[in-house]
Amino acid sequence: MNPELTDPYLPIHQRLLERDPLAPSDLADAILDQVLVRVRKIFPELAHETILDDSVADAVLGYAERPHKFDPSRLSLLSYLTMSARGDVLNALDARKRRRRREVSLELVEESPAARKRLSDHANTVAAADETVVEQAEIVRISAHIEAAIRSPMDGRVIHLLIDGERRTEVFADVLGVRDLDPAAQRRTVKQYKDRIKKRLERLGVPLDERQTT
Amino acid sequence: MNDKPPSRLLQRAAERTSERVFFLGSSLASFQEARGIDDSELARVLHCDQENLARLRLCRRPDVDGAAFQVEVRAIAERFHASDLSLAQLLREVAAIDAMREAGQPRTAGFLMAARERRRPRRGRHRDSQ
């Protein structure tokens, strides 16, 4: 049967196409929970995870922004949004898997003194604008992220210290050239610099151990 | 209007509008950030019930430069028992903030005051000069 004949959400779809400012809110009110029920049936093992809520919310919000992408002659709006949310869940699961794999890899690097030394040497080398080929594939991959985070030789030296687990403020203050400041100002400057580096590394997917950045 | 309290999922969706410029929620979030205010204060600014904020955030954001701006603001305000004047003022302020931000200026409270000043009609100055 043609879904257009039975779809109860077509009036809202039409209002979205006409850019009725209230339509997205009415849509969310009418359909969010229904889509969630369907998506939970597809992923029963994730029934209590926020990943489902977020995927359903994003599917509905995305459709409200671009209603013309939905073709009512092909399937019902509920089915369309369920499919869209299902795709978002799969993407989110994939991203989570990749993130976990990366964290495990970094843990391995952190736990291995030899690997740490090589990673540390590499950060130094990058800071000196030289190039080194790191043999072990995982280290190469993480090094690439670290490389991207280095914007100056000073960044390279600070990241090198962070990877080495250095925590003494005075060592960082030396590198930053702020040893002549009073101790409180040194601490503040070092913390600001480390926070900035940490954020940059996090954005690039290199989570540092909390102890390395405090 | 749906008189039921918003579901947990509706609240979640409303929160996620803060990063999507299509939705009114993005403007409300910018306004809250610039003023440093929470939801109860935002509801007070808009003269509406705090419970209506989630559904309000999920509306399409009226374009301050669009021909239908006033009509759309009035429709939204009427539906959620909010002040249309306050909502229109809020949207204009946020538009001014966005314009100044694009020009590279920060979003501080003082900056918001400057943005308001910039958009305020200059009746006082006109009177002074008479």
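Q: What makes E93(B) and R35(B) a salt bridge?
A: In this predicted model, the closest N and O atoms of E93(B) and R35(B) are 3.4 Å apart. A salt bridge requires a side-chain nitrogen of Lys or Arg within 4 Å of a carboxyl oxygen of Asp or Glu. The 3.4 Å separation falls within that limit, so the pair qualifies.

Q: What makes this pair a link between separate parts of chain B?
A: E93(B) belongs to helix α6 (residues 84-102) and R35(B) to helix α2 (residues 24-35), so the bridge ties together parts that are 58 residues apart in sequence.

Q: Why is E93(B) called buried, and how is R35(B) classed?
A: The relative accessible area of E93(B) is 4%. Buried means under 20%, so E93(B) belongs in that class. R35(B) stands at 35% relative accessibility. That value lies between the 20% and 50% cut-offs, so R35(B) counts as partly exposed.

Q: Which residues are joined into one network by salt bridges, and what makes it one network?
A: The salt bridges share partners, and they join D54(A), D58(A), E65(A) and R66(A) with R12(B), E15(B), R16(B) and R20(B).

Q: How do you know that R16(B) and D58(A) form a salt bridge?
A: Their side chains meet at 2.7 Å, N to O. The limit is 4 Å, so the criterion is met. Between chain B and chain A the count is 8 salt bridges, and the structure holds 22 over all chains.

Q: How many residue pairs between chain B and chain A are in polar contact, and which helices of chain B each supply at least two residues to the side that touches chain A?
A: There are 12 such pairs, with both residues at pLDDT 80 or more. The helices are α1 (8-16) and α5 (69-79) of chain B. The largest share, 6 residues, comes from α1(B). By residue class, the side of chain B that touches chain A holds 10 nonpolar, 3 polar and 8 charged residues.

Q: What makes L9(B), R20(B) and R60(B) stand out at the interface?
A: Chain B and chain A bury about 2100 Å² between them, and 56% of this is on carbon and sulfur atoms. L9(B), R20(B) and R60(B) supply 31% of the area that chain B buries against chain A, more than any other three residues. Contact involves 21 residues of chain B and 22 residues of chain A.

Q: Why is the pairing of R96(A) and E49(A) called a salt bridge, and where do the two residues lie?
A: The closest N and O atoms of R96(A) and E49(A) are 2.9 Å apart, within the 4 Å limit, so the name applies. R96(A) is in helix α5 (residues 77-111) of chain A, and E49(A) is in the loop between α3 (23-42) and α4 (50-65), 47 residues apart. E49(A) has a relative accessible area of 29%, over the 20% cut-off and under the 50% one, and is therefore partly exposed.

Q: Are R15(A) and D20(A), which form a salt bridge, buried or partly exposed?
A: R15(A) has a relative accessibility of 21% and D20(A) has 22%. Buried would require a value under 20%, so both residues are partly exposed. Their closest N and O atoms are 2.8 Å apart.

Q: Why is R55(B) called buried, and what does its side chain reach?
A: R55(B) has a relative accessible area of 3%, which is under 20%, so R55(B) is buried. The residue lies in helix α4 (residues 53-57) of chain B, and its side chain reaches the backbone oxygen of K4(B) at 2.9 Å.

Q: How do you know that I37(B) is buried, and which residues does I37(B) touch?
A: The relative accessible area of I37(B) is 16%, under the 20% cut-off, so the term applies. I37(B) lies in the loop between α2 and α3 (39-46) of chain B. Not counting residues up to four places away in sequence, I37(B) touches F31(B), Q32(B), L42(B) and V45(B).

Q: What does the secondary structure of chain A come to, and what share of chain A is buried?
A: Chain A has 11 helices and 0 strands. Of its 214 residues, 44% are buried. Among contacts in chain A between residues at least 6 apart in sequence, 59% join residues at least 24 apart.

Methods: Residues are numbered from 1 along each chain as its sequence is written. Chains are lettered from A and ligands numbered from 1 in the order in which they are written. This is a predicted model: local features need pLDDT of at least 70, side-chain atom pairs count only at pLDDT 80 or more; totals for chains, interfaces and linings use all residues. Side-chain values use heavy atoms; hydrogens and water are left out. Helices (H or I, at least four residues) and strands (E, at least two) are DSSP runs, numbered from the N terminus. Buried means under 20% relative accessible area, exposed over 50%, partly exposed in between (1.4 Å probe, protein chains only). Contact means heavy atoms within 4.5 Å. Buried area is the accessible area (1.4 Å probe) that two parts lose on being put together, summed over both. A polar contact is a pair of N or O atoms within 3.5 Å; within protein, one must be able to donate a hydrogen and the other to accept it, and residues adjacent in sequence count only if both atoms are side-chain atoms. Ala, Val, Leu, Ile, Met, Phe, Trp, Tyr, Cys and Pro count as nonpolar, Asp, Glu, Lys and Arg as charged, and the others, Gly among them, as polar.
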